[in-house]
Each structure stands twice: as structure tokens, then as C-alpha cells.
Amino acid sequence: MISWSNFVSQLFNGLALGALLALISSGLTIIYGTLGVLNLAHGAMFMLGGYAGFVAYQATGSFAIAVIAGTLFLGVVGVVMERVIIRHFYSRPHEDQLLVTFGLSIVYVEAVRFFFSSQSQTVQPPKLLTGITSLGFMVYPTYRLAVVGIVAVALAALFIVLYRTRLGMIVRAGIEDSLMVDSLGINVDRVFMVVFGIGAMAAGFAGIVNAPVVSLTPDVGEAILVQTFVVIVIGGVGSFTGAILGGLIAGEIISITSMFNPGYAYVMLFAAMTIVLMVRPQGLLGTKGRE
Amino acid sequence: MTGKRMRGKQAGMMTSSVMRSHQFGLVEIMTGIALIAVPLILPYLGSAPNTVNRILVWGLFGIGFDILFGYTGLLSFGQSALYGTGGFVTAYLLTRAGFPYVIPALIIGMVVAAIVGYLVGLVALRRTGIYFAMITVAIAEVFYFVEFNPLAEYTGGENGLPGVPTPSIPLGFTTLHFTTGWSLYPFLAFCYFIGIVVALRIVRSPVGTIFRAIRENPLRAAAVGHNVHGYKLTAFVIAAAYAGIAGGLLGVLQAFMPPEAFTFDTSGQLVIQTAIGGRGTLFGPLLGAAVWLFLQDFLQATLKLGAAWKLVLGLVFVVLVVFLRHGIIGGIVDLYRWLRRGRRGAADVDEMPADVGTDGSAEVDEGATTQPVTLPNRDAPQYAGPILKATGLTKHYGGVIANADIDFSVDRGELRGIIGPNGAGKSTFFKMLTCEVPPTSGTIVFEGRDITRMRVTDVCQLGLTKSYQVNQLFNRLTVRENVTIAALAALRGKFRLDMMRSLAKIPGLHEQVEHTLELVNLSKRRDTPVSELAYGEKRRLEVGLALASSPRLLLLDEPLAGMSPAERVETVKLLKSIAQGRTMIIIDHDMDALFELAERITVLQEGRVLVEGTPEEIKGNAKVQEAYLGGVHGVIDAQTAVA
């Protein structure tokens with residue numbers, strides 16, 4: 001039977017997964033909203049962040065350095081990718097953008113497989129956060145609790161960038177009407193590069209923070225990418241708050257369903273997505289007419 | 001009908017092109033010959049029969065996908081769901097259920113996949129563009145997990161279903177056994193052949209034409225009167241059926257139905273192969289599969305790359321997407337065109353139609369003789385009174401009032417002009433009349449029928465349509481294809497599944513298209529792609545698209561916008577000839593033109609009707625002059641004011 005404490009601990013699992021999905025999705029959604037490109041390599045970039053952190057962790061033994069390395073490395077990957085390939089695709093049809101980012105995701109995954117094999121790798125959480133914490137009525141792995149906090153801080157940072165800085169204002173304006181922003185004399189070219197870099201960093205950060213929770217394999221990004229899509233469909237494209245709400249909903253649905261039967265987790269996720277599509281096709285916090 | 005077709009050079013061109021779709025067989029025969037030749041040649045080149053068979057299965061899978069992606073423009077990353085469904089239904093019937101007949105089992109698998117495709121399509125097609133791609137990915141993932149877990153009892157879970165038999169066909173005197181390798185090849189090749197023949201018919205049918213219209217401009221396809229959602233769903237179901245039978249054949253080919261059929265990799269590989277070979281070609285997926293599988297064999301076996309083969313192919317794919325937009329077949333076509341252009345060079349310039357001047361206008365085609373078709377479903381209802389009557393029409397955008405309380409009425413046969421300064425709400429008014437945007441309040445009555453809450457497609461089918469202020473054309477298609485798309489909506493209604501019928505066999509289509517082309521003076525440009533037209537020609541085609549559906553009320557939103565003075569003169573002449581026997585409402589800023597054309601003028605200002613009257617009354621009206629000149633009193637000729 002399912003006990004009360006089991007249920008609560010699944011709620012926490014859902015919260016941790018949800019926060020993580022929210023972070024990855026908000027990266028994807030601001031990239032799409034600003035640049036108009038749906039980055040199918042986003043899941044692979046999440047995975048790359050994990051591996052970059054893993055390498056740094058192997059070299060230094062410090063988890064903090066691993067997090068910084070994973071995030072910065074993905075920032076570099078994002079900027080290079082945008083400069084070399086993605087920017088040539090802004091004027092091409094959506095289908096071409098999907099094809100090229102899909103191709104890049106294969107390249108990333110297979111390159112990692114080539115260097116690290118398909119075997120799973122583990123990253124230990126920092127000493128301070130290992131073990132379990134007693135919450136009074138139940139015990140819970142300390143690191144998972146910490147993930148919620150760490151991701152919340154990252155989301156808050158992203159929120160400040162988006163809502164309290166000049167860059168954020170441009171990004172939000174660009175999501176509403178990129179043509180207008182362009183004609184206001186803002187250097188959209190540079191903004192696009194920075195936004196892609198920030199989105200990539202969010203994915204990389206999530207990748208390394210998640211690494212101690214699950215073992216690291218080259219395919220870890222694929223499942224995350226699919227979940228991210230559901231999050232965005234539920235939350236609404238181009239909406240930062242929608243990504244957070246959608247992430248938490250998706251995380252809880254997966255966790256709670258898994259308690260009964262993990263095989264139905266996706267079915268329930270899909271059911272939720274279908275209901276949203278039927279009732280509110282633009283997503284819970286999405287704006288009508290934004291495709 | 002044939003007599004009309006034999007009119008001079010243009011008619012000859014038309015006939016030859018129609019004949020192309022009549023000439024059923026050339027592509028089909030070539031395909032048949034190639035399929036027969038393969039087992040006679042490839043074994044000597046050392047190809048493994050199994051690779052060739054797999055290419056055929058991927059190719060068949062891809063035909064349906066190409067109709068969905070290449071023709072209709074819907075990029076699905078979830079085809080594995082339908083491939084797996086068809087495959088597992090067929091395999092389950094043939095193994096666990098003990099059903100002995102392979103071919104009926106394949107057909108059942110196909111039908112089930114098509115039904116499932118219909119249901120999936122209902123959900124996925126709620127949204128378009130990237131949403132559609134994301135939703136299909138998510139749905140496919142659900143199928144994967146369902147196969148592994150809740151349905152594992154039937155599907156074998158991660159073990160799949162082994163022991164799928166191969167087909168045997170009893171012929172009375174003997175029985176054909178297809179087993180493995182080259183022995184199975186004829187069966188797969190036959191399936192592929194049937195698949196390609198059916199697909200070729202579909203893409204040459206009216207439905208295929210509408211698929212391409214949806215790919216090029218879904219909004220306009222809906223505005224000329226096609227049920228876009230219905231046709232998208234049709235394309236999705238067709239793709240599902242092809243996926244289903246291909247999935248079944250995979251089980252037959254491997255004597256085992258692998259659960260991997262349901263993975264995202266399957267969908268991804270299909271997308272990659274189609275993009276490599278060339279989308280919108282039907283044969284692209286087959287070519288792409290050949291490239292992918294042969295390269296895989298080559299990299300793995302010959303170069304001993306092991307698992308790195310996929311990395312290499314991934315890089316190849318990225319490079320291909322960056323540099324070769326339309327895949328290998330598209331690249332070959334471009335190269336061929338480029339070579340031809342290079343060879344003929346100067347000659348081409350002379351061949352340019354002489355009547356295309358710098359202003360892009362063509363001479364009026366005298367001797368236009370084709371008659372308009374009477375469209376049986378377009379007979380005007382018995383109704384006396386104004387053809388269009390709007391009452392209290394109001395539109396708010398948030399706090400902005402675009403139109404406020406407009407009463408507006410147009411009589412049958414009238415030519416009404418609407419003028420007003422920028423921001424007067426003219427375009428919003430038109431959008432409400434054609435039901436593109438719903439009014440905040442008020443009613444619109446067309447021929448006695450309340451159309452206020454109807455959709456733009458249905459209103460067009462009733463006989464009310466619009467030409468757009470900004471060209472809304474089907475850019476990669478030719479002039480004639482553009483007009484055909486609009487005419488099809490008038491002749492066939494908003495939704496009809498005549499997928500096996502050739503375009504040439506639709507009664508009245510040829511006449512309707514030719515007549516429209518003559519009306520807008522584009523007969524000589526009929527085979528030119530829209531992207532190569534001059535601006536003035538595009539404007540005329542824009543009007544032609546609206547005309548081709550034989551509307552009883554035609555709305556023209558700034559037909560003269562952006563034209564040179566010479567083009568304006570031509571277009572006014574054109575509008576005059578179109579106006580005969582039609583009811584039209586024209587918005588424009590060119591008052592000279594409108595005063596010349598219209599019998600009555602309505603002046604809008606700040607979202608309201610300022611005044612209405614004959615051109616003479618409007619010219620002398622002090623309020624109108626004030627509206628345009630902002631408080632300057634005295635008699636100033638409105639014409640000079642505009643100039």
C-alpha cells in the first residue's frame with residue numbers, strides 16, 4: 001500500500017523534477033520566443049552540461065567547480081553554435097531549423113558516446129549535501145532537497161535577467177514583436193547570440209545539477225527533451241512563467257503516477273497535455289496567436 | 001471543350017501540361033523497370049539483399065511521410081507511433097493470434113494505423129508549426145511506453161514479437177513463397193510499387209494540389225474556401241496508413257517485430273532520410289534510405305568505424321541541411337536548371353515574354369473568348385434586398401476601438417468604394433465582413449443569411465471573398481496552380497476526398513482557370529512561378545485568386561497599393577471589366593481611381609462612418625476634406641489633397 005510518507009516523498013520528487021524541467025524549458029522557451037527557433041538539440045545540450053561537469057569533477061573533485069564548468073562550457077557551445085550555424089537559419093523555414101538542430105543533437109549525443117562510451121557515469125554530490133535529511137515525519141535525500149533550492153535560485157536569477165535588466169526587456173519585447181525591436185535600432189544580432197548562450201547555459205546548469213540524481217548516459221537528454229515539449233505545450237510558448245508552471249505540473253504528474261505504475265507516467269502526462277490543448281490551445285499562460 | 005483548348009500557343013502549353021498528368025505511366029513505368037532491374041544488377045555489386053529490402057520498407061514508410069511533410073508541410077517527429085502500431089497489430093495477428101494470412105494481416109495493420117492516425121491527428125493538429133512537431137514527439141513517446149508496459153502482454157514488451165511468417169500466395173497451379181533475402185524482394189518491391197502508384201495519383205489529384213496550397217499558405221487556402229483542418233487530417237491519415245503497412249512489412253522482413261520500431265530514433269531516421277533524399281518528391285525517402293543504409297554498412301563494415309558511424313552520418317546530415325536545402329533530388333534539379341541556364345544564357349532573354357514591360361504590366365489580352373462557368377452550387381438564393389447588410393458593427397482590440405457602430409449596406413450589382421485616412425479602421429472592417437476576425441458586437445447579413453459568427457472558409461463557400469492588401473499567394477507554385485487552388489474550392493466545395501481523380505478530369509476547372517487568367521490578364525504568365533512575377537502581376541494574381549472562386553460579392557483591400565502610375569491605369573481598367581455583373585467593395589487610398597470606379601463612396605474616420613454618397617457628393621463634402629486635411633476649411637479639391 002502507499003503510505004503517507006511515501007506519497008509526500010513522491011511530491012518532493014515531483015517538485016525536484018518539476019523545478020529542473022522548469023529551468024530547462026525556460027531556456028528553450030526564451031530561445032524560441034526571441035529567435036523563433038525551436039532548438040531540438042536542447043536535450044542534448046542538457047546532457048552535454050552533465051558530461052562537461054563530469055569531466056571537471058574528475059579533474060578537480062569539486063562539485064562546485066563542476067557546476068561552474070558545465071554551465072560555462074554550455075554557454076560557449078551555445079554561442080559558437082548560434083554564430084556558426086543557427087543564425088543562418090533565422091530566415092529559413094521552421095522545418096529547416098528543426099532539421100538542423102535535430103542533426104546537431106545527433107552529433108552531440110554520438111560525439112559523447114564516442115568519447116565516453118554508452119556506459120553510465122556517476123557524479124557524487126558535494127559532501128555537505130550527501131546523506132539524508134529528516135523532515136520530522138519522513139526522511140529524504142539531502143541532495144534532492146538541495147536541487148529544489150539550487151534550481152529555484154537559478155530560476156530567480158533568470159527572472160531577474162528577464163524582468164529587471166535592459167537585456168531582459170529587449171528579450172521580452174522581442175518575444176512580443178521581433179520586427180518592431182529590430183526597427184527600434186537595437187542590435188538584434190548580438191541579443192540573439194546572448195539569448196542563445198543564456199538558454200544553453202540554463203540547459204547545461206540543469207544537466208550538471210541533475211547528474212548526481214540520475215546516472216549520466218549519452219541518451220539522458222532525449223527523455224528530458226520530450227518532457228520539456230510537454231511542459232511548453234502546457235505552459236505556453238514564449239512564456240517564462242508558463243514554463244515554470246508547466247514544469248511543476250509535469251514533474252508532479254510524472255512522480256505521482258510513477259508511485260502507482262511508472263509505465264503510465266507518460267500516458268498521464270499526455271492526457272494532461274491533451275486536456276490543455278482541447279481547453280486552452282495556446283497553453284495555460286500562453287498568448288493566442290503565438291506560434 | 002477540346003475546341004477551346006486549341007487556342008494558339010498558350011492553349012498548346014496548357015494542353016501539354018495537362019497531358020503530363022494524363023500521361024499516366026511514365027514515372028510509374030520507370031519505377032517498375034528500376035524495381036525489376038535491381039535484383040538483376042545489385043547482387044553483382046555485392047549488395048546484401050537484406051539492405052535492399054530494408055531500403056524498400058523505409059522508402060514505403062517515407063512515401064506517406066513525404067505526403068505529410070514534403071507536400072502538406074507538416075513536420076511530424078512522431079511517425080514511429082504509427083509504424084509501430086501497424087507493425088505490432090500485424091505481427092500480433094500472425095503470431096499470438098494464430099491468424100494465418102499474411103497479406104490480410106498487413107492490410108488490417110494498415111487500417112488500424114490509419115484509425116489511430118486519425119485520433120492522433122485530432123490532437124496533434126490542434127496546433128501548427130513547431131507546436132505540431134512537439135506534440136507529435138510527445139505522442140510517439142507515449143506509444144513507446146505503452147508498448148513496453150501496459151500492453152507488454154500483447155506486444156512482448158522489450159522482447160518484441162518473434163516468429164512473424166513470410167507471405168505465400170497460392171495461384172492455383174502453384175504457390176509463390178516469399179522467404180528471405182532476394183526471395184522476399186519481389187513481394188516488397190510490389191508493395192512499394194503499389195504504394196508509389198497510389199501516392200502519385202494522390203499528389204496529382206485535387207487533394208494533392210490543396211496539400212501543397214496548405215504548405216505554401218494555409219491562411220489563404222482557408223480563405224479561398226478549403227477546409228484546411230480536414231485536409232491536414234487527411235494527409236496525416238494517409239501518412240499513418242503508409243507507416244502502418246511499412247511497420248507490418250518490417251516484421252515480415254525480419255521475421256520478428258522489434259520494439260525499437262516505436263522509438264524516437266525511428267521517427268528521427270525517417271525525417272533524416274526524407275530530408276537527405278529530398279522532400280516533396282515521393283522518391284526522396286527511398287533515395288535517402290539508400291544513402292543512409294549503404295553508408296551505414298560502408299562505415300561499419302568497410303571502414304571499421306564501429307559505433308562512430310552515427311556520428312559521421314550526423315555530421316553529414318547537418319552539412320547537407322545547411323548547404324543542400326532540398327536534399328539530393330532537389331540538388332540535382334537545381335544543378336540541371338543551372339546548367340541549362342548557363343548553356344542557353346542569352347537565348348533566354350529573348351524568350352522572355354515581350355509584353356512584360358518595366359512596369360510589369362501586360363497588354364490587355366484582346367479576343368478573350370472563354371466564358372465563365374456557371375457554378376451549380378453557387379446559385380444565388382432567392383432573396384430581395386441588399387446583398388450585404390452590417391448593423392452596429394463594432395470591434396475593440398483591448399482598449400482600442402477599431403470600428404464603432406458601423407451601419408453599412410450594399411445592393412446587388414453595386415460597386416462601392418471605401419475611403420478614409422490611415423487608421424480609420426477600413427481593413428478591420430473588411431476582416432469582419434469576411435469573418436477573419438469576429439466583431440465585438442453587431443451583425444453581418446449576407447444575402448439574407450446571418451454570417452456574423454461563421455468562419456472565413458464557409459463565408460467564401462457562400463460566395464463572399466476578399467483580395468488582400470498584402471499579397472497572400474502560394475509562392476512556390478505557378479500562376480495557374482494558384483488560380484486552380486481557388487477554383488477547386490468553388491467547384492468541389494470545402495472538403496472532398498477525390499484523391500484518385502486527376503485534376504484534368506474535373507468538369508469546368510480548365511474553363512474556370514482560363515477565364516480567370518484572362519480576366520486578370522495573366523494568361524501568358526500561367527506557367528511562371530509566383531516568386532518570379534513582377535509586383536504588378538502579383539497584385540493582379542491576388543485579385544485573380546479571389547475571382548477564381550466566382551464570388552457574388554468581392555471585397556478588394558487596396559488593390560492599387562504600391563503600384564506605379566502606369567500599373568494603376570491598367571489595374572483600374574481591369575477592375576472596370578471585372579465589375580461587370582459583380583458586386584464589389586473596394587478600399588483604396590487612390591481617390592481618383594475610386595471616384596472613377598465606384599458608384600457610391602463610404603468614408604470612414606476613426607472607426608465610424610463619416611459620410612456616404614456619390615463621388616460628386618463626397619468630393620464637395622466639407623467634412624471629408626476636414627478629415628483628410630485636419631481642420632483646413634475652404635474649398636480644396638480633394639484630388640489635389642491626395643496627390
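In the predicted model, helix 2 (residues 42–60) of chain A packs against helix 8 (residues 188–210) of chain A, with an angle of about 55 degrees and axes 7 Å apart. Helix 2 of chain A is therefore oblique to helix 8 of chain A. The crossing of helix 2 of chain A and helix 8 of chain A is right-handed. From helix 2 of chain A, the residues in contact are His42(A), Met45(A), Phe46(A), Met47(A), Leu48(A), Gly49(A), Gly50(A), Ala52(A) and Gly53(A). They meet Ala200(A), Ala203(A), Gly204(A), Phe205(A), Ala206(A), Gly207(A), Ile208(A) and Asn210(A) of helix 8 of chain A. By class, this contact comprises 10 nonpolar and 7 polar residues, and no charged residues.

Between the two chains, 36 residues of chain B are in contact with 36 residues of chain A. On the side of chain B that touches chain A, at least two residues each come from helix 7 (129–148), helix 13 (264–277) and helix 15 (309–323) of chain B. Helix 7 of chain B gives the most, supplying 14 residues. This side of chain B divides by class into 26 nonpolar, 5 polar and 5 charged residues. For the complex, the predictor gives an ipTM of 0.89 and a pTM of 0.87.

Within chain B, the domain assignment yields domain 1 (2–23 + 52–336) and domain 2 (380–642). The centres of these domains of chain B, taken over C-alpha atoms, are separated by 42 Å. Their contact draws 29 residues from domain 1 of chain B and 35 residues from domain 2 of chain B. On the side of domain 1 of chain B that touches domain 2 of chain B, the elements giving two or more residues are helix 2 (8–22), helix 9 (185–204), helix 10 (206–216), helix 11 (218–223) and helix 12 (228–254) of chain B. Helix 10 of chain B gives the most to this side, with 7 residues. The class division for this side of domain 1 of chain B is 12 nonpolar, 12 polar and 5 charged residues.

Chain B has an average pLDDT of 85, and 88% of the residues score at least 70. Among the elements of chain B, helix 12 has the highest mean pLDDT (97) and helix 2 the lowest (39). The pLDDT is below 50 over residues 1–22 of chain B, a stretch with 16 contacts in the model beyond near neighbours in sequence. Residues 632–639 of chain B also have a pLDDT below 50, with 10 contacts beyond near neighbours in sequence. Where pLDDT is low, predicted coordinates should not be read in detail.

Note on methods
Residues are numbered from 1 along each chain as its sequence is written. Chains are lettered from A and ligands numbered from 1 in the order in which they are written. This is a predicted model: local features need pLDDT of at least 70, side-chain atom pairs count only at pLDDT 80 or more; totals for chains, interfaces and linings use all residues. Two residues are in contact if their C-beta atoms, placed from the backbone, lie within 7 Å. Helices (H or I, at least four residues) and strands (E, at least two) are DSSP runs, numbered from the N terminus. Ala, Val, Leu, Ile, Met, Phe, Trp, Tyr, Cys and Pro count as nonpolar, Asp, Glu, Lys and Arg as charged, and the others, Gly among them, as polar. Axes are lines fitted to C-alpha atoms, for helices over the stretch in contact, and angles run from 0 to 180 degrees between N-to-C directions. Angles under 35 degrees count as roughly parallel, over 145 as roughly antiparallel, 65 to 115 as roughly perpendicular and the rest as oblique. A crossing is left-handed if the near helix is turned anticlockwise from the far one by less than a right angle, and right-handed if clockwise. Domain bounds come from an automatic or database domain assignment. pLDDT is the predictor's confidence in each residue, from 0 to 100.
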